[in-house]
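Me: I am new to this structure and would like to begin with a single part. Please look closely at any empty space enclosed inside, and explain carefully what surrounds it.

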Amino acid sequence: GILLGGDILARTLRNPDNLPYLDQFFRLDNPNTHWARGNHDEMESDSLQWLERATGRPEFYFHQMGELGFLVLNTNLLYRYPWSVFAERCEESQKQFDLIKGLADTLPDISHLLIIHHQTFPIVGNEEIRKKYNVIPPQTLFTCDSTITYLDRVYPLLQKIQNNGVQLVFL
């Protein structure tokens, strides 16, 4: 499989011809190709649905292959970029949080969960990583609900998954 962490091109969705071009290399609709959208993939685009049509998958999802789980997230939903319409995407950001919560509550029969994302999630207790990578600040809102931050609500869900014997791998 191919795991894509975003920013495949400088402005991927600006031109509709970019996706057929990328499909030649990555076979975007292959069930083993997973693409976490980067900010440069979505930047300056009114056509976010182009990527869903090209891949056959939504902007965030869970996929299981045997004992291996893939959680593909859209970290663009967490940022207030000048070109982003964050307030108009509240429903999507809530659904993405609900997906993670659902995984923690139902815990599929997997040994590993590969979390594929673009912006790096903070590793609690490792401040050094914030100096090297684009890291989402721990108090970043995960939805439009001001009580749902990464540190307070999402991190405990990921801990719950890991405490149930699932190895988390962030890519």
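**The largest cavity and its surroundings**

Reply: The largest cavity has a volume of about 70 Å³, where a cavity is a set of points on a 1 Å grid over the protein atoms alone at which a 1.4 Å probe fits but cannot get out, and the volume is the space filled by probe spheres set on those points, joined across faces, edges and corners. The model is predicted, so local features need pLDDT of at least 70 and side-chain atom pairs count only at pLDDT 80 or more, while totals for chains, interfaces and linings use all residues. Residues are numbered from 1 along each chain as its sequence is written, and side-chain values use heavy atoms, with hydrogens and water left out.

In total, the structure holds two cavities of 30 Å³ or more. The lining of the largest cavity, meaning residues with an atom within 4 Å of a point, consists of T33, H34, W35, R37, L51, T55, R57, P58, E59, Y61 and V72. Among the helices (H or I, at least four residues) and strands (E, at least two), which are DSSP runs numbered from the N terminus, β2 (33–35) and α3 (49–55) each supply at least two of these lining residues, and β2 gives the most, with three.

Two of the lining residues lead on to other parts of the structure. One is L51, which lines the largest cavity and also belongs to a separate nonpolar core of eight residues that includes L13, L22 and W50 as well. Such a core is a set of buried Ala, Val, Leu, Ile, Met, Phe, Trp, Tyr and Cys residues joined through side-chain atoms within 4.5 Å, and buried means under 20% relative accessible area with a 1.4 Å probe, counting protein chains only.

The other is Y61, a lining residue that falls within β3 (61–65), an edge strand, as is β6 (167–170), each pairing on one side only. They bound an open sheet of four strands in the order β3-β4-β5-β6, with mixed pairing, where two strands pair if DSSP finds at least two bridges between them. Within this sheet, β5 and β6 pair in the parallel sense over four bridges, and H112 stands opposite Q167 in β6. Helix α6 packs on the sheet, touching β5 and β6, contact being heavy atoms within 4.5 Å.

Terms used: Buried means under 20% relative accessible area, exposed over 50%, partly exposed in between (1.4 Å probe, protein chains only). Axes are lines fitted to C-alpha atoms, for helices over the stretch in contact, and angles run from 0 to 180 degrees between N-to-C directions. On a 1 Å grid over the protein atoms alone, a cavity is a set of points where a 1.4 Å probe fits but cannot get out, and a pocket is an open set with protein on both sides within 12 Å along at least five of seven lines; lining residues have an atom within 4 Å of a point.
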